[in-house]
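Good morning, colleagues. I should like to take you through one structure, beginning with a single helix and ending with confidence.

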Amino acid sequence: MNRRGLTFTEMLVYVILFAIFLGLISGIFTWMRHSQGSVRRLDIFHQLRVSSFQISDQLAYAPAIIFPRADPGGRAWNQIVFRNQANEVVALFLNQKNQLVQLNWTNHCLQREPVFTVLTEDTIRFRVKRPAESYVEFDLRMKEGKDAKAREFSLTNSVRLRNVIR
Amino acid sequence: MPSASPFAPVRGRRGLSIPIAIIAGGLLVVMINALSFYSFQEMGAVKSILARKKAEYLAHSGLMWAYARLCRGRWYQPPGNSFGNRGATWKWCHLEEPDLSNGEPNGSLKVWFDEIPSKHTLKLPQGRGFLKQLDHIKVLALATQGGEKALVYGKFIVSPEPILNSDSTEGQAADTPLEAEQGEEFGLEIPKVLINAGEEGGADESKMQVIEVRKAAGSKVKKGEIIAVLGSYFIKPYRGLSTQRYMLKAPYDGVLKGLTLVPGTDVAVGSRYADFKRDPLQSNTDVTLKKMVRITRIPLAIHQGMDLKVIKNRYAIFTYVNGLTEEYVRNYASVRDAASSLENVFEDAPANLSEEEALRRLGAGRVDQSADLEGAGKTFVNDLMYGFSPPGGLGSTTRREFPAKSEYVLGVQPSEISGELKELLGLIGPLHGKNYLDMLETKPRKNPDLYKIASTTVYDKSMDGDGISRKDKKKGTDDYIDDMTWLQDGAKAISVTLNEGTPWEPGPFEDLVAAGTIKREDYFFWPSKNGYYHIPSPDRVQIKSVAVPYTYENSTPGGTETGEKFRMRVDYLMGYFKKHYDEGVINPPADELRAEDDISDTPQAPGPPDVTGARMNGISS
């Protein structure tokens, strides 16, 4: 009668509590995995948003678009060359590492820095249309990871030039 | 001791379930809070970005609203100008708070206008003084939306420059030296007949018929209004009135005096048909270019905490923008021909390029870092001249083709002095030991191609050779613009005054000579007047070389709102280009109000008119 031990009820309570605790822990890990994916997606949205703002800011105050020419037919190109607000010639293009790169050609010609600036990583497409002289549409597409089944996210923006010199 | 009942509580034994539950619950709460915090932070960042964008768009709307209103005039100034509205008080600056938020809550907009005077002035006739002119108007639009602020700067430029103390943004052209030589009152002459022998046969070059007279003597006219309609005569293959019509138009705003045309009668080509008195201020120019340029978003760090109602604070913003100007112009001029060499650079490029491939396609660029700010400015202005098309609704194809139809027309066309003056110069020249008729030669007479130049390339070469003025470091942009506008020795202004003695008919002349009252050698005989005139001293004969400006013309449809040909004097057009970057003098006024122009009510010059007819004038070009 003096033996120490667990009653069936106590064990049942301990098992139930342990199960709840285990469920919580596994839920936390599952949630962490999901939130990692969400954070990555938020990161991609953030990159898309920031690069889109940077590009549209530069274009909005640009005095001239050098390439492509205005084409009301809706033809699209993969690069754009323009003069920025400081009248430097700037080109935007995708490099072979799927990075959207800004090339400051004036700095290159005058041997100043910076020449290349990476705007976004993991960018699978950059398309530009110029339906009118002072109007540009561009579309950025990024991929979540290198997996073929990974999701793609795109952002389209359009800009009217405010500072065109004629 | 074991308890008696199996249901009695077990004392003395401790468990971990409650602490574990508390720790697990705590960890869960922390993680949920972290995720919420991150999400809300992200939402907050997006909300802030959206509010900042809305504020920026609202500021831009304010700038465009200001542009549309300024194109119509300066409503915030007293009516008229300081020449016609004496005693009015004019403003240096003005604040408006338009409601453009379109129902968006928590939005507000303030727009400031600051007028910057030009260094040019308009000379009033008869020495009555000068009128100051307006260089440009600086516009600041401050928008607030959802707690975020955006400040945008714009510069409203106008060319030709309007009168500063006025409510107008229409350009006020200054007199050219030729117009100043011509004076306020001058004669209007019947123009030459245009010969079109190939189509209509030979025309009578000596006279025309007055078909219709639309204005009466003494009437006020506006520049370009038709005064009368004339018709020319055929002489072969048959005689009679041709279908060709000549519209005599008022050359300026002014008053028509002493009109001698009568419908149905003939008038001699080159004869004077009316006197014209030009208004001291012309109400219009052919066209005024207006544009909002240098639109710049001012970083928050520059204007945070600034009260923009204070003039000095606004001028601090203008000083910041001025600091960007040198970089703007130098970057443009440092790498030449970017637009033409890069316009097809990526035409057939693949979707992905290496950095090396991109640089290879763009090329090395034509670098020119030798220019200082003035040199860079001259390059900038010169380039814009080649690619000019007016602001407005031209289609992209029309805009590309507009520069190809550029023409430059000299401010005078071939013209002769009157036969009478020519005869006079021929008579007194040998008496002075000079060939006055040879001295009438002008540059365009020697090279008739100078009267009209049909391309910007040829014009640039004619006026500036291989960039002599543009590359001359001693010459600023204003000097370069003058060199590109004015053709030196474009015309000759001739004036002969015969007031040193009374003219005599032959009979009385011989009597006076015989009586010893006058000496024969002091006089010359004028055959067409059949009289003897006292030989004028050489200083009574003036043949002055006059610089004549070129006017840019372009007949591309759509160049002007009225459908007329686009026309603007070259210095006004190049001044318009210069205003794209030149911020002018950044000197804040002491007060918001300014004094009016100093204008004399009493004419100071040139003195009483010549009522004896002793003075003969002419322009030769």
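Let us begin in chain B: within α10(B), the residues B:Leu424, B:Leu425 and B:Ile428 are buried. Please keep in mind that this is a predicted model. A general point about helices helps here: with 3.6 residues a turn, residues three or four places apart point the same way. What do the buried residues of α10(B) pack against? Their partners are four strands of chain B, namely β19 (486-497), β20 (523-526), β22 (541-554) and β25 (615-620).

As for its geometry, helix α10 of chain B covers residues 419-432, which makes 14 residues. From first C-alpha to last, α10(B) reaches 20 Å, close to the 20 Å expected at 1.5 Å a residue. After α10(B) comes B:Gly433, with a positive phi near 75°.

I turn now to the contact between the chains. Chain A contributes 41 residues and chain B contributes 43 residues. On the side of chain A that touches chain B, α1 (8-60), β1 (64-67), β4 (89-94), β5 (100-104) and α2 (105-109) each supply at least two residues. The largest share, six residues, comes from α1(A). By class, this side of chain A has 26 nonpolar, ten polar and five charged residues.

Finally, confidence. The model scores ipTM 0.80 and pTM 0.82. Chain B has a mean pLDDT of 85, with 92% of its residues at 70 or more. Where in chain B is confidence lowest, and where highest? Helix α3 (residues 197-200) of chain B is lowest, at a mean of 54, and strand β2 (residues 93-96) of chain B is highest, at 96. Over residues 605-611 of chain B, the pLDDT is below 50, and this stretch has three contacts in the model beyond near neighbours in sequence.

Technical notes. Residues are numbered from 1 along each chain as its sequence is written. Chains are lettered from A and ligands numbered from 1 in the order in which they are written. This is a predicted model: local features need pLDDT of at least 70, side-chain atom pairs count only at pLDDT 80 or more; totals for chains, interfaces and linings use all residues. Two residues are in contact if their C-beta atoms, placed from the backbone, lie within 7 Å. Ala, Val, Leu, Ile, Met, Phe, Trp, Tyr, Cys and Pro count as nonpolar, Asp, Glu, Lys and Arg as charged, and the others, Gly among them, as polar. pLDDT is the predictor's confidence in each residue, from 0 to 100. The expected span of a helix is 1.5 Å times one less than its number of residues. A residue is buried if 20 or more other C-beta atoms lie within 10 Å of its own, exposed if 12 or fewer, and partly exposed in between; C-beta atoms are placed from the backbone.
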